[in-house]
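Student: Could you take me through one part of this structure up close? I'd like to see how a single helix sits in its chain, and then what surrounds it.

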Amino acid sequence: MSILVDNDTRVVVQGITGGEGKFHTEQMAEYGTNVVAGAVPGKGGQDVNGIPVYDTVAGAVEEEDADASVVFVPPAFAADAVFEALDTDLDLVVAITEGVPQQDMARVYKRLSEVDTRLIGPNCPGLITPGEAKLGILPGNIFAEGNVGLVSRSGTLTYQVVDNLTKRGIGQSTAVGIGGDPIIGTDFVDALSLFEDDPETEAVVMCGEIGGEDEEEAAAFIKEHMDTPVAGFIAGRTAPPGKRMGHAGAIVSGSGTGTAQSKIQALNDAGVPVGDTPDEVVENVEQFL
Amino acid sequence: MKLHEYQAKGVFAEAGIPVPESELAETVDEVVDAAGRIGYPVAVKAQVQVGGRGKAGGIELVDDEAEAREAADAILGMDLKGLHVGSVLVEEAVDFTDELYVGVTMDRTVGRPVAMVSTRGGVNIEEVAEEDPDAIARVHVDPSFGMHPYQARNAVYDAGVDREVARDVASVLTTLYDLWDDKDATDIEVNPLMVTADDEVIAADAVMNVDDDALFRHPDLREMEEEGDVDGDDLEAKADEYGFDYVRLDGDVGIIGNGAGLVMTTLDLVDYYGGAPANFLDIGGGAKAERVTNALDMVFSDPNVESVVFNIFGGITRGDEVAKGINEALESFEEIPKPVVVRLAGTNAEEGMEILNTDLVTVEGTLEEAVQRAVEFADAEGEQ
């Protein structure tokens, strides 16, 4: 009843000795995530709350049999950290770092096409399978176990929608924050196809926003390939053209593509109801269950 | 970060792309002096970061000193699409036979840079792209290898550029790509790239936008950002100082929240409930009390704001820190300028609610209620 991670996932944390890395490693472990190692160049041999630290990701993977990593490395070094992770045989890399330069990500994106590893992020809250494991910074206490999948480009919007779902008694199978940058590893289509293949996920919530054409592509995918019902939400209806709204990807070009209207239209055409408010999204999901 | 035309032309010239002779001027006399040195006719071009300067009266072609004075007088100090014109570029007028377009940008749908060439330069290239996409030749570049010279040639031949200048245009395109790569540009373009009767190519305009996230490795560009920062919105400049993601809008409900998606959603809900957002302000993740205080200061300095809604869903951000910041900001006023509505959820929200001085703010439990309340307040204040 989940995609990508569960309580068997063996996690290495890149940047485990930094402030964010340390704090969120504790939070992840407390939630039940099986954090088996840290990787920080020059800090090999130390430990963080009993979790052994290695100098290299390769060392951590070899010694601790890790199969996923979470990257808490500052922006200037984040791409290098992801490259390092992609050169091992991890199944999954989750990059939390915000502010990774776009050209670094273009090179990472190229590398992704040559390896079997899946990347989530960067600039994302990570993902969680409630009751089993979380990889990232999501607040575990608002999630509940259940059968609704969630994929979102925004962290806090994920929390908002999840909170509304949980308060109405609707639990989640897995929630994935894919990040708001223009170039990301896992996009809507990738996540939706995983949810489609998961027999326990009964419905999916997809939270998109202005900018790019990922939501339009997702709508085409839903129309062609999905039996699992999807409820949508699009943030940024009131955003003026040409202005960057926080997320690097959230900018409406002057030419009519990437607007909230075009995304809502595409989703509606694919049979996806798009709520005007987070509450309406939950009402739409309820109808599917 | 957007470079001004004169800055981008400086970068292009240094890299070997031919540009017209030009000088930057800030007064009418400086314009006349520069024009005298360059030789008439010259173009007088407003240095502001907006498209369509020509149509808006920001570019004049002048033939003598009297015309130069008149144009300089009209353009310097003018308000161009909301931006104050503080300087102009005085530039040699190029006699051309053709106008081309060349540019490099990121194609986010494939995660790769794309180089573009068109023989339909000198016009709004976005319109060309929509009406006649085939009029623009495109070639995608592998970012780990860079652009091969043959790719530039292919694009130039595909676009149907005249053989006499094809080699020079390909060379401009390769140089643009290298600059795009070296300087962490997000997009870079020359429109028009003018072709003269002698088959020379000259970059008559220059656009270069740089990835803010990569400025840490470009101290030279950071310097240009400071030097060029003479126009623009005062509030947005203040937001830069505080390090906020802030966008000013024309409504009256001030909005502060954490996380871009949630803040955008708050804006949309204000609109949904019949109000009008005054701004987008994301305090970011993990904000401490001081940052929250700055955010309130920021929003209150917009004279259009009639009410403020705080929407915090803590993940990394902690409710108690936010509440402390709100208290500190509001307690510093003898009289709070406008009503403030707060909605706190997530990490340490309960602790935050205990700390929050509820004599100074209105608390609502849900996002929807908070937004509706803020809209009501703004309407009531607006009527006073």
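Tutor: Here is a walk around one helix of chain B, followed by its chain, the partner chain and a few backbone details.

Keep in mind that this is a predicted model. Let's start with helix 5 of chain B, which runs over residues 149-159. Which of its residues are buried? They are B:Gln151, B:Ala152, B:Ala155, B:Val156 and B:Ala159. These five sit on the same side of helix 5, because they cover an arc of only 135° around the axis. The general rule behind such a pattern is that an α-helix has 3.6 residues a turn, so residues three or four places apart point the same way.

Now flip to the other face. Turned away from the buried side of helix 5 in chain B, you'll find the exposed residues B:Pro149 and B:Asp158.

What does the buried side pack against? In chain B, the buried residues of helix 5 pack against strand 8 (112-118), strand 9 (136-140) and helix 6 (163-182). Just after helix 5 comes B:Gly160, with a positive phi of about 80°.

Zoom out to the whole of chain B. You get 13 helices and 18 strands, and the C-alpha trace spans about 75 × 50 × 40 Å along its principal axes. Of the chain's 384 residues, 53% count as buried. If you take the contacts in chain B between residues at least 6 apart in sequence, 68% of them join residues at least 24 apart. As for the outside, chain B has an accessible surface of about 16,500 Å², and carbon and sulfur atoms hold 43% of that. On the charge front, chain B carries 27 positive and 85 negative side chains, with the centres of the two sets 5 Å apart.

Next, the partner. Chain B puts 49 residues into the contact and chain A puts in 53. Between them the two chains bury about 4,100 Å², with 57% of it on carbon and sulfur atoms. On the chain B side, B:Arg108, B:Met264 and B:Phe313 lose the most area to chain A, and together they make up 18% of what that side buries.

Last stop, the backbone. As background, most residues other than glycine have a negative phi, and most peptide bonds are trans. Against that, have a look at the cis bonds. In chain B, the peptide bond joining B:Asn191 and B:Pro192 is cis, with omega about 10°, and B:Pro192 lies in strand 10 (residues 185-195). In chain A, the bond from A:Gly121 to A:Pro122 is cis too, with omega near 10°. A:Pro122 lies in a loop, between strand 7 (118-120) and strand 8 (126-129) of chain A.

Then there are positive phi values in residues other than glycine. B:Asp199 has a phi near 60° and lies in the loop between strand 10 and strand 11 (201-203) of chain B. B:Asp199 is partly exposed, at 33% relative accessible area. Over in chain A, A:Asn49 has a phi near 50°. You'll find A:Asn49 in the loop between strand 3 (47-48) and strand 4 (51-54) of chain A, where it is exposed with a relative accessible area of 55%.

Definitions and conventions. Residues numbered from 1 in each chain as written. Chains lettered and ligands numbered in written order. Predicted model: local features only at pLDDT ≥ 70, side-chain atom pairs only at ≥ 80, totals over all residues. Heavy atoms only, no water. Helix = DSSP H or I, 4+ residues; strand = E, 2+ residues; numbered from the N terminus. Buried < 20%, exposed > 50% of the residue type's maximum accessible area, 1.4 Å probe, protein only. Contact = heavy atoms within 4.5 Å. Areas by Shrake-Rupley, 256 points an atom, 1.4 Å probe, with all protein chains shown as cover. Lys, Arg positive; Asp, Glu negative; His and termini not counted. Charge placed at Lys NZ, Arg CZ, Asp CG, Glu CD. Arc of directions from axis to C-beta. Buried area = accessible area lost by both parts, 1.4 Å probe.
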